[in-house]
Amino acid sequence: MGRSNNGGRKPSGNPAAKVALSTSSVYPESCADAFEIAARLGYDGVEVMVWTDPVSQDTGALKRLSQHYGVPVLSVHAPTLLVTQRVWGKEPWSKLERSLQMAESLGAAAVVAHPPFRWQKEYGAGFVDGVAQLNDSYAVPLTVENMYPWRARTREVMAYSPGWDPLEQSYRHVTLDFSHAATAGGDSLAMARALGERLRHIHLADGAGSAKDEHLLPGRGTQPCGEVLDLLSEWNWSGVVAVEVNTRKCRTRAEREAELTECLNFAREHLSSANLTPTL
């Protein structure tokens, strides 16, 4: 089955960036469902969140889904979330290496990882150097995602080591998540500009500054999502913009697909080079 490409509007320009659907965006539907939805709506590919879903952990199964639906895997999210601590075992470095190997086998352009939790002391102490070594060893870039301080009533808890803010570290490649920036009380546009060439991957969502990581649809929160994508278009940025939104409240598949089409159209509208104002 090939892709139908009936959903998201194709840009009139020729943006370098590609738009992927994160498999997490269809939850509680499955990883396999994400491939089907991405094909129907016209996404450029998918980002596989390695999760408790066995298909998301199986490179061979992912290859078959990709071929069946004509949808490439553009990026892989390593199982470094709190809820995936037991996926692929407990040893964090082997999980990162396995994610990189999966990405290489699938032809993906990036692997996304969260920084260690503070209680992973040995892992956290060597994380910056270890990530650099992995980026020297693999062709697929390992990108570290911005996170946020956890809030407990009136105080903040520093849950990540060496920290939640990648601007403070020497990571070669960074993933910018707009929802996480909102939860941290930050500005995605300022962060994108500060990262410059280190900005390798995008998680497109939104947030309104809640203490909870919201993953709203872009344009429904307070982050300058469109402005960041406009900037990437100006830069002729060639990474992947992965739509990572929360659609759990959708009551039907049709509602979910309508929201994911809205996200795709938002991304393509702002990434299109047709939006650029000519310099006279």
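Colleague: Two strands pair if DSSP finds at least two bridges between them. Strands (E, at least two residues) and helices (H or I, at least four) are DSSP runs, numbered from the N terminus. How many strands form the closed barrel?

Modeller: This is a predicted model, where local features need pLDDT of at least 70 and side-chain atom pairs count only at pLDDT 80 or more, while totals for chains, interfaces and linings use all residues. Residues are numbered from 1 along each chain as its sequence is written, and side-chain values use heavy atoms, leaving out hydrogens and water. The barrel follows the order E1-E2-E3-E4-E5-E8-E9-E10 with parallel pairing. The number of strands is 8.

Colleague: What does the twist average from one strand to the next?

Modeller: Axes are lines fitted to C-alpha atoms, for helices over the stretch in contact, and angles run from 0 to 180 degrees between N-to-C directions. From strand to strand in the barrel, the average is 30°.

Colleague: Which residue in E10 stands opposite His203?

Modeller: Strand E9 (residues 199-204) and strand E10 (residues 240-243) run parallel, joined by 4 bridges. Opposite His203 stands Ala242.

Colleague: Which helix lies across E1, E9 and E10?

Modeller: Contact means heavy atoms within 4.5 Å. The helix spans residues 253-271 and runs at about 160° to E1 (18-22). Its name is H9.

Colleague: Which residues lie closest to the centre of the largest pocket?

Modeller: On a 1 Å grid over the protein atoms alone, a pocket is an open set with protein on both sides within 12 Å along at least five of seven lines; a cavity is a set of points where a 1.4 Å probe fits but cannot get out; lining residues have an atom within 4 Å of a point. The largest pocket has a volume of about 1,200 Å³. Strand E6 (150-152) and H9 each give two or more residues to the lining. Of 41 lining residues, the closest to the centre are Asp213, Glu214, His215, Asn246 and Arg248.

Colleague: How much space lies in the largest cavity?

Modeller: Grid points are joined across faces, edges and corners, and a volume is the space filled by probe spheres set on the points. The structure holds 1 cavity of 30 Å³ or more. Its lining includes His114, Phe117 and Tyr123. The space is about 60 Å³.

Colleague: What is the distance, centre to centre, between Trp93 and Tyr123?

Modeller: Rings of Phe, Tyr and Trp (its six-membered ring) pair if their centres lie within 6.5 Å; planes under 30 degrees apart count as stacked, over 60 as edge-to-face and the rest as tilted. The structure holds 10 aromatic pairs. This one is edge-to-face, with 90° between the planes, and the centres are apart by 5.0 Å.

Colleague: Which residue has a positive phi although it is not a glycine?

Modeller: Most residues other than glycine have a negative phi, and most peptide bonds are trans. The residue sits in the loop between E9 and helix H8 (225-235). Its phi is about 50°, and its name is His215.

Colleague: What is omega for the cis peptide bond from Tyr27 to Pro28?

Modeller: Pro28 lies in the loop between E1 and helix H1 (31-41). The bond into Pro28 has an omega near 15°.
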